[in-house]
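User: Hey, can you walk me through this structure? I'm new to this, so plain words please.

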Amino acid sequence: LRILQERELSLESVLTRDVQVKESTLKRNMADLRNQIRELGLVNPGATQEYERVLERCSFLQAQLEDLNEARASLQDVIREMDKLCRTKLWDVFKRVQVEFQKIFSQLFLGGSAELVLTDPDSILTTGIDVMARPPGKKLQNLLVLSGGERALTAIALLFAIRRVKPTPFWVLDEIDAALDESNLQRFVDLMREFAMDTQFLVVTHRPQTMEAAQTLYGVTMGEEGFSQIISVALT
């Protein structure tokens, strides 16, 4: 009776109803239903509570995902703004270095021209830079095909151009003048004296002409005792 009530049926309606389906078909349907019920397995009485826990966990994770998406969008906005600022700053510094590089190159070579060429101008944050130089009496060419002395002097011009745009109070130069001949060496020394007005240089060198421009010399010698000794000489 309880099952009939759940289905909103009465005993009289069941007893008096006209069944058109054959008894064998009904039995087969009943067997199929029993098989389907057995395949469902045991009923989990805690399924409702488990569902509530899973639903609560799912809601929590969904809220966390939304927070992460908002944070990602905000971070991407910051990255785009920083990229824009970096491109602007880098392009400004590049143009200033380009101007100073041309000036110092002409000063060291007593003429000629030089320029910095971006390999990928549309992507200044990832582009490479080619150094092109034209010493007096020669054609414009890449730094790599210049002679050793010309290459060294061009690199010095670029280094000093960068430091003129972005100065630093202290420099360490290690054998930077090794490949220069006497005339080029003198122009390098003059340039270093010019920069020494607001920059302190520590130069490692074996060239007497460069040493003459120093205010203090530091050397290493070995005395009769057989061990190294540092000697300093103040020239001014």
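User: Where is isoleucine 79?

Analyst: Isoleucine 79 sits in helix α4, residues 47-109. Helices (H or I, at least four residues) and strands (E, at least two) are DSSP runs, numbered from the N terminus. Before we go on: this is a predicted model, where local features need pLDDT of at least 70, side-chain atom pairs count only at pLDDT 80 or more, and totals for chains, interfaces and linings use all residues. Residues are numbered from 1 along each chain as its sequence is written, and side-chain values use heavy atoms, with hydrogens and water left out.

User: Ok! Is isoleucine 79 buried or exposed?

Analyst: In between: isoleucine 79 is partly exposed, with a relative accessible area of 41%. Buried means under 20% relative accessible area, exposed means over 50%, and partly exposed is in between (1.4 Å probe, protein chains only).

User: Which residues make a nonpolar surface patch with Ile79?

Analyst: Leu75, Val78 and Met82 join Ile79 in a patch of about 360 Å². Patch residues have over 30% relative accessible area and no salt bridge; like charges are joined within 9 Å, and nonpolar side chains (Val, Leu, Ile, Met, Phe, Trp, Tyr) within 5 Å. The areas come from the Shrake-Rupley method with a 1.4 Å probe, and for residues only the protein chains shown count as cover.

User: New topic. How many salt bridges are there?

Analyst: The count comes to eight. A salt bridge is a side-chain nitrogen of Lys or Arg within 4 Å of a carboxyl oxygen of Asp or Glu.

User: What does arginine 96 pair with?

Analyst: Arginine 96 pairs with aspartate 92, and their closest N and O atoms are 3.7 Å apart. The two are four residues apart in helix α4, so about one helical turn separates them.

User: And what about arginine 164 and glutamate 100?

Analyst: Their side chains meet in a salt bridge too, at 3.3 Å from N to O. Arginine 164 is in helix α5 and glutamate 100 in helix α4, so this pair ties together parts that are 64 residues apart in sequence. Glutamate 100 counts as buried at 15% relative accessibility, while arginine 164 is partly exposed at 30%.

User: Which residue of helix α6 pairs with arginine 164?

Analyst: That's glutamate 194, with the closest N and O atoms 2.6 Å apart. Glutamate 194 lies in helix α6 and arginine 164 in helix α5, so the pair ties together parts that are 30 residues apart in sequence. Through shared partners, Glu100, Arg164 and Glu194 form one network.

User: How do the axes of α4 and α6 cross?

Analyst: They come within 9 Å and cross at roughly 135 degrees, with α6 covering residues 182-195. Axes are lines fitted to C-alpha atoms, for helices over the stretch in contact, and angles run from 0 to 180 degrees between N-to-C directions. That makes α4 oblique to α6. Angles under 35 degrees count as roughly parallel, over 145 as roughly antiparallel, 65 to 115 as roughly perpendicular, and the rest as oblique.

User: Last one: what is unusual about phi in leucine 110?

Analyst: Phi of leucine 110 is near 55 degrees, a positive value in a residue other than glycine. Most residues other than glycine have a negative phi. Leucine 110 lies in the loop between α4 and β1 (113-118), and counts as exposed at 62% relative accessibility.
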